[in-house]
Amino acid sequence: MVRAFGSEAVGALIRVVKRIRSAGGDLKLCSMGDRIREIFDICNLVPTVFEVYPSAGDAVHAFHTRN
(Lines give C-alpha, C1' and ligand atoms only; values in the text may rest on other atoms or scores of the structure.)
Protein backbone atom coordinates (compact mmCIF):
# COMPACT_ATOMS: atom_id res chain seq x y z
CA MET A 1 0.00 0.00 0.00
CA VAL A 2 1.27 3.44 -0.91
CA ARG A 3 1.11 5.86 2.01
CA ALA A 4 2.92 8.87 0.53
CA PHE A 5 2.98 10.13 -3.02
CA GLY A 6 4.74 13.31 -4.11
CA SER A 7 5.16 15.24 -7.33
CA GLU A 8 8.17 13.16 -8.43
CA ALA A 9 6.15 9.97 -8.16
CA VAL A 10 3.25 11.52 -10.06
CA GLY A 11 5.63 12.60 -12.83
CA ALA A 12 7.19 9.13 -12.99
CA LEU A 13 3.77 7.49 -13.20
CA ILE A 14 2.74 9.82 -16.03
CA ARG A 15 5.92 8.93 -17.94
CA VAL A 16 5.24 5.23 -17.40
CA VAL A 17 1.64 5.42 -18.64
CA LYS A 18 2.73 7.39 -21.73
CA ARG A 19 5.34 4.75 -22.53
CA ILE A 20 2.88 1.90 -22.00
CA ARG A 21 0.27 3.55 -24.21
CA SER A 22 2.79 4.30 -26.96
CA ALA A 23 3.42 0.55 -27.08
CA GLY A 24 -0.32 -0.15 -27.41
CA GLY A 25 -0.95 -0.99 -23.76
CA ASP A 26 -2.79 0.70 -20.95
CA LEU A 27 -2.54 1.18 -17.21
CA LYS A 28 -5.40 1.17 -14.74
CA LEU A 29 -5.09 2.18 -11.09
CA CYS A 30 -7.04 0.64 -8.25
CA SER A 31 -7.65 0.63 -4.52
CA MET A 32 -6.42 4.21 -4.20
CA GLY A 33 -6.54 5.68 -0.71
CA ASP A 34 -8.29 8.97 -0.06
CA ARG A 35 -5.08 10.99 0.45
CA ILE A 36 -3.50 9.70 -2.76
CA ARG A 37 -6.73 10.18 -4.70
CA GLU A 38 -6.85 13.78 -3.50
CA ILE A 39 -3.45 14.41 -5.11
CA PHE A 40 -4.64 12.93 -8.39
CA ASP A 41 -7.83 15.01 -8.24
CA ILE A 42 -5.96 18.24 -7.47
CA CYS A 43 -3.66 17.56 -10.43
CA ASN A 44 -6.72 16.81 -12.61
CA LEU A 45 -5.32 13.38 -13.50
CA VAL A 46 -8.57 11.43 -13.04
CA PRO A 47 -10.11 10.67 -15.51
CA THR A 48 -8.05 12.75 -17.96
CA VAL A 49 -4.87 10.66 -17.62
CA PHE A 50 -5.71 7.73 -15.34
CA GLU A 51 -8.71 5.54 -14.74
CA VAL A 52 -9.10 4.56 -11.08
CA TYR A 53 -11.13 1.55 -9.96
CA PRO A 54 -12.24 0.43 -6.48
CA SER A 55 -10.56 -2.98 -6.77
CA ALA A 56 -8.04 -4.90 -8.86
CA GLY A 57 -10.88 -7.05 -10.18
CA ASP A 58 -12.73 -3.97 -11.42
CA ALA A 59 -9.57 -2.68 -13.11
CA VAL A 60 -8.93 -6.02 -14.82
CA HIS A 61 -12.55 -6.18 -15.94
CA ALA A 62 -12.15 -2.70 -17.49
CA PHE A 63 -9.43 -4.07 -19.77
CA HIS A 64 -11.88 -6.66 -21.08
CA THR A 65 -14.75 -4.23 -21.65
CA ARG A 66 -12.93 -1.39 -23.40
CA ASN A 67 -14.05 -0.42 -26.89
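Start by selecting K28. Leaving out residues up to four places away in sequence, K28 touches E51, Y53, A59, A62 and F63. The model on your screen is a predicted one. Keep that in mind as you go.

**Stop 1: K28**

Stay on K28 and look at what surrounds it. K28 belongs to strand 1, which covers residues 28-30. Is K28 buried or exposed? K28 is buried, because its relative accessible area is 10%, and the cut-off for buried is under 20%. Now show the side chains of D26 and E51. The K28 side chain makes a polar contact of 2.9 Å with that of D26. Another polar contact, of 3.3 Å, links the side chains of K28 and E51.

**Stop 2: Y53**

Move on to Y53, one of the residues that K28 touches. Y53 sits in strand 2, residues 51-53. Show the side chain of E51 again. A polar contact of 2.3 Å joins it to the side chain of Y53. Next, bring up the contacts of Y53. Not counting residues up to four places away in sequence, Y53 touches K28, L29, C30, S31, D58, A59 and A62. Then select R15 as well. Y53 and R15 are 38 residues apart along the chain, and their C-alpha atoms are separated by 20 Å.

**Stop 3: Helix 1**

Select residues 7-22, which form helix 1. Helix 1 has 16 residues. From first C-alpha to last, helix 1 reaches 23 Å, close to the 22 Å expected at 1.5 Å a residue.

Which residues of helix 1 are buried? Color V10, G11, L13 and V17: these are the buried ones. They lie on the same side of helix 1, because they cover an arc of only 160° around the axis. An α-helix has 3.6 residues a turn, so residues three or four places apart point the same way.

Now turn the helix around. On its other side, E8, R15, R19 and S22 are exposed. Turn back and show what covers the buried residues of helix 1: strand 1 and helix 2 are included. Before leaving, click on G24. It comes just after helix 1 and takes a positive phi of about 90°.

**Stop 4: The nonpolar core**

Select F5, V10, L13, V17, L27, L29, I36, F40, L45, V46, F50 and V52. These twelve residues make up the largest nonpolar core. Helix 1 and helix 2 (34-42) each supply at least two residues of this core. Which element gives the largest share? Helix 1 does, with three residues. In soluble globular proteins, nonpolar side chains tend to be buried together.

Zoom in on F5, a member of this core. Leaving aside neighbours within four places in sequence, F5 is in contact with V10, L13, I36, I39 and F40.

**Stop 5: The cysteines**

Finish with C30 and C43. How many disulfides does the structure hold? It holds zero. Why is C30 not bonded to C43? The sulfur of C43 is the closest cysteine sulfur to that of C30, but it is 19 Å away, too far for a bond. A disulfide needs sulfur atoms within 2.5 Å.

Switch on the surface and compare the two. C30 counts as partly exposed, at 31% relative accessibility. C43 is also partly exposed, at 42%. C30 is one of the residues that Y53 touches, so you can step from here back to Stop 2.

Notes: Residues are numbered from 1 along each chain as its sequence is written. This is a predicted model: local features need pLDDT of at least 70, side-chain atom pairs count only at pLDDT 80 or more; totals for chains, interfaces and linings use all residues. Side-chain values use heavy atoms; hydrogens and water are left out. A nonpolar core is a set of buried Ala, Val, Leu, Ile, Met, Phe, Trp, Tyr and Cys residues joined through side-chain atoms within 4.5 Å. Buried means under 20% relative accessible area, exposed over 50%, partly exposed in between (1.4 Å probe, protein chains only). Helices (H or I, at least four residues) and strands (E, at least two) are DSSP runs, numbered from the N terminus. Contact means heavy atoms within 4.5 Å. A polar contact is a pair of N or O atoms within 3.5 Å; within protein, one must be able to donate a hydrogen and the other to accept it, and residues adjacent in sequence count only if both atoms are side-chain atoms. The expected span of a helix is 1.5 Å times one less than its number of residues. The arc is that of the directions from the helix axis to the C-beta atoms.
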